[in-house]
Amino acid sequence: MYKRIRELREDADLTQKEVSKILHCSQQVYSNYELGQRDIPTAVLICLAKHYHTSTDYILGLTDNKDLPNYTHN
């Protein structure tokens with residue numbers, strides 16, 4: 001999971017400081033998320049998934065598919 005948030009950030013050409021502003025946390029807190037030194041709160045995980053247009057499953061390593069799933073509503 002930690003490697004994925006770093007890859008997503010780098011693929012988007014963002015710095016840790018820029019992402020920390022999006023998440024309303026310090027750069028050090030965000031750095032700790034990427035290093036795996038701090039657990040990522042659910043709300044932050046959801047915010048990251050929305051920002052990068054991917055699923056929380058992708059960030060968590062439950063799937064290797066970056067694309068959002070197509071849900072059908074009945």
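**View 1. H24 sits exposed in a loop of this predicted model.** H24 has a relative accessible area of 74%, so this residue counts as exposed. Its place is the loop between α2 and α3. Look at the backbone here. The phi angle of H24 is positive, near 60°, although the residue is not glycine.

**View 2. D13 is another residue with a positive phi.** The value is near 55°, again in a residue other than glycine. D13 belongs to the loop between α1 and α2. With a relative accessible area of 71%, D13 is exposed.

**View 3. G36 follows helix α3.** Here the residue with positive phi is a glycine, and the angle is near 75°. In the helix before G36, several residues are buried: V29, Y30, S31, N32, Y33 and E34. What do the buried residues of α3 pack against? Their partners are α1, α2 and α4.

**View 4. N32 is a buried residue of α3.** Its relative accessibility is 16%, and the limit for buried is under 20%, so N32 counts as buried. Which residues does N32 touch, not counting those up to four places away in sequence? They are Q37 and R38.

**View 5. S20 is buried in helix α2.** The relative accessible area of S20 is 3%. Set aside its neighbours within four places in sequence. S20 is then in contact with C25, S26, Q27 and Y30. Y30 is one of the buried residues of α3.

**View 6. Five helices feed the largest nonpolar core.** This core has 16 residues. Those touching the most other members are I5, V19, Y30, Y33, L48 and I59. The helices α1 (2–11), α2 (16–23), α3 (27–35), α4 (42–52) and α5 (56–60) each supply at least two residues. Which helix gives the largest share? It is α4, with five residues.

**View 7. I59 has contacts with residues from M1 to T54.** Neighbours within four places in sequence are left aside here. The contacts of I59 are then M1, R4, I5, L8, L45, L48, A49 and T54. Two of these partners, I5 and L48, are also among the core residues that touch the most other members.

**View 8. C25 and C47 do not form a disulfide.** Why is there no bond between them? The sulfur of C25 is 9.3 Å from the closest cysteine sulfur, in C47, which is too far. A disulfide needs the two sulfur atoms within 2.5 Å. The model's disulfide count is zero. Both cysteines are partly exposed: C25 has a relative accessible area of 23%, and C47 has 28%.

**View 9. M1, L60 and L62 make a nonpolar surface patch.** The patch covers about 270 Å². One member, L62, lies in the segment after α5. L62 counts as exposed because its relative accessibility is 63%. Another member, M1, is in contact with I59.

**View 10. K3 and E7 form a salt bridge in helix α1.** The closest N and O atoms are 3.8 Å apart. K3 and E7 are four residues apart, so about one helical turn separates them. An α-helix has 3.6 residues a turn, so residues three or four places apart point the same way. K3 is exposed, with a relative accessibility of 60%. E7 is partly exposed, at 29%.

**View 11. E10 and R6 form a salt bridge in the same helix, α1.** Here the closest N and O atoms are 2.8 Å apart. Again the two residues are four places apart, or about one helical turn. E10 is partly exposed, with a relative accessibility of 38%. R6 is partly exposed too, at 43%.

**View 12. K66 and D11 form a salt bridge between distant parts of the chain.** The closest N and O atoms of this pair are 3.2 Å apart. K66 lies in the segment after α5, while D11 is in helix α1. How many residues apart are they in the chain? The answer is 55. K66 is partly exposed, with a relative accessible area of 36%. D11 is exposed, at 55%. The model's salt bridges number five.

Key
Residues are numbered from 1 along each chain as its sequence is written. This is a predicted model: local features need pLDDT of at least 70, side-chain atom pairs count only at pLDDT 80 or more; totals for chains, interfaces and linings use all residues. Side-chain values use heavy atoms; hydrogens and water are left out. A nonpolar core is a set of buried Ala, Val, Leu, Ile, Met, Phe, Trp, Tyr and Cys residues joined through side-chain atoms within 4.5 Å. Buried means under 20% relative accessible area, exposed over 50%, partly exposed in between (1.4 Å probe, protein chains only). Contact means heavy atoms within 4.5 Å. Patches are made of residues with over 30% relative accessible area and no salt bridge: like charges are joined within 9 Å, nonpolar side chains (Val, Leu, Ile, Met, Phe, Trp, Tyr) within 5 Å. Accessible areas come from the Shrake-Rupley method with a 1.4 Å probe; for residues, only the protein chains shown count as cover. A salt bridge is a side-chain nitrogen of Lys or Arg within 4 Å of a carboxyl oxygen of Asp or Glu.
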